[in-house]
Amino acid sequence: MAADLSPIDKAKFAAARRAVDYVEDGMRVGLGTGSTAAWMVRCLGERVREEDLRITGVPTSSRTADLARQMGITVVGLDEAKWLDLTIDGADEFDANLNLIKGGGGALLQEKIVATASDQMIVIADAAKEVVTLGAFPLPIEVVPFGWQTTKALVEETLVSLDVLGRSTSLRLNGQQPFVTDEGNYIVDLHLSRIGNPRQLALILNQIPGVVENGLFIDICDIVIIGQGDGRVELRDINQGTVEQGRIDFVESDNIFADLGE
Ligand code: 5RP
């Protein structure tokens, strides 16, 4: 079944498989959201079943919570876990400083809270997620539904004085209706093309009333694991300044490959 996977899924799987090596018995682990994170949850579930690993998972979305339970991972909320050893999550973009754009799956708020409450954050990604400058992927911001159009207009006005290339914004939809996050908020996507100063933008966006959080993760990620379709993986540790190469074998496993996708 692994043979049926697209190269991109193989790349995501390879990164996910390597990342779960970091999980040790007894750890409290933040579980990210998205298609790459879903591979990680599957791989982690396999380790829980096969090695009788006792870990506690803190999911970053209702989708991930459902999948984790399905995979046999014990799930608790962040307030119960309090502090996490490790969070493993995907990203929409990462740069050389391991700053990220996240929120393509609409879970950026829980993802940022959980990652920030972790000793370590590992991002798993395929090579296409690497960029020189953040911003080609639309930057999601989570906004409260009350007055969202006013908030959106205020964000557009604020962008005029900032170092970005594009300034259009759009409400994220689910069919004809606004996409609603797990917290009951909306997502506005900012089409910036290029973000000159991500740190400044992240701070300024969060000053706007109605903006709950933005998808820029600055100085939060410690390690990125980049997967390739042929099983190669590269680990970059920003704190150690190290780069390590490895390889993952695509060993058939019914449990992992049986129930694909998100
Ligand atoms: C969800 C996220 C995801 O991590 C991000 O969108 C990457 O998703 P995928 O692994 O499916 O490419 O931030 O809010």
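# A tour of salt bridges, a strand pair and a ligand site

Start by selecting Glu-46, which counts as buried because its relative accessibility is 7%, under the 20% that marks the limit for that label. Please keep in mind throughout that the model on the screen is a predicted one.

With Glu-46 still selected, add Arg-17, since these two residues form a salt bridge in which the closest N and O atoms are 2.6 Å apart. The pair links distant parts of the chain, with Glu-46 in helix α2 (residues 35-51) and Arg-17 in helix α1 (residues 7-19), 29 residues apart. Arg-17 has a relative accessibility of 17% and therefore also counts as buried. This pair belongs to a total of 18 salt bridges, and several others are worth a visit.

Next, select Asp-89 and Lys-102, whose side chains meet in a salt bridge at 3.0 Å, N to O. Asp-89 lies in strand β4 (residues 86-89), whereas Lys-102 sits in the loop between β6 (100-101) and α5 (108-116), so that the bridge ties together parts that are 13 residues apart in sequence. Are these two partners buried or exposed? Asp-89 has a relative accessibility of 0% and so counts as buried, and Lys-102, at 2%, counts as buried too.

For a pair in another setting, move to Asp-230 and Arg-232, where the side chains meet in a salt bridge with an N to O distance of 2.8 Å. Here Asp-230 has a relative accessibility of 39% and counts as partly exposed, while Arg-232, with a relative accessible area of 40%, is partly exposed as well. Then select Arg-18, Asp-21 and Glu-244 together, because these three residues are linked in a network defined by the salt-bridge rule.

Now turn to the ligand and display the 17 residues around it, of which Ser-35, Thr-36, Asp-92, Gly-103 and Lys-129 come nearest. At Ser-35, look for a polar side-chain atom that lies 2.5 Å from an oxygen atom of the ligand. Asp-89, already met as the salt-bridge partner of Lys-102, appears here again, with a polar side-chain atom 3.5 Å from a ligand oxygen. At Gly-90 the atom to find belongs to the backbone, a polar atom 3.3 Å from an oxygen atom of the ligand. Taken alone, the ligand exposes 380 Å², and the protein buries 90% of that area.

From the ligand, go to Ser-61, which is placed in the loop between β2 (56-59) and α3 (62-70). Ser-61 has a relative accessibility of 5% and therefore counts as buried. Which residues does Ser-61 contact once its neighbours within four places in sequence are left aside? They are Thr-33, Ala-107, Gln-110 and Asp-182, and showing their side chains together with Ser-61 displays the surroundings of this loop residue.

Finish at strand β9 (residues 168-171), and colour its residues by the face to which they point. In a regular strand the side chains alternate between the two faces of the sheet. In β9, Thr-169 and Leu-171 point to one face and are buried, whereas Ser-168 and Ser-170 point to the other face and are not buried. Adding strand β12 (residues 186-191) brings in the partner, which runs antiparallel to β9 and is joined to it by four bridges. As a last selection, take Leu-171 of β9 together with Val-188, its bridge partner in β12.

Notes:
Residues numbered from 1 in each chain as written. Predicted model: local features only at pLDDT ≥ 70, side-chain atom pairs only at ≥ 80, totals over all residues. Heavy atoms only, no water. Helix = DSSP H or I, 4+ residues; strand = E, 2+ residues; numbered from the N terminus. Buried < 20%, exposed > 50% of the residue type's maximum accessible area, 1.4 Å probe, protein only. Contact = heavy atoms within 4.5 Å. Salt bridge = Lys/Arg side-chain N within 4 Å of Asp/Glu carboxyl O. Pairing = 2+ DSSP bridges. Near = heavy atom within 4 Å. Polar contact = N/O pair within 3.5 Å; in protein donor to acceptor, adjacent residues only side chain to side chain. Areas by Shrake-Rupley, 256 points an atom, 1.4 Å probe, with all protein chains shown as cover.
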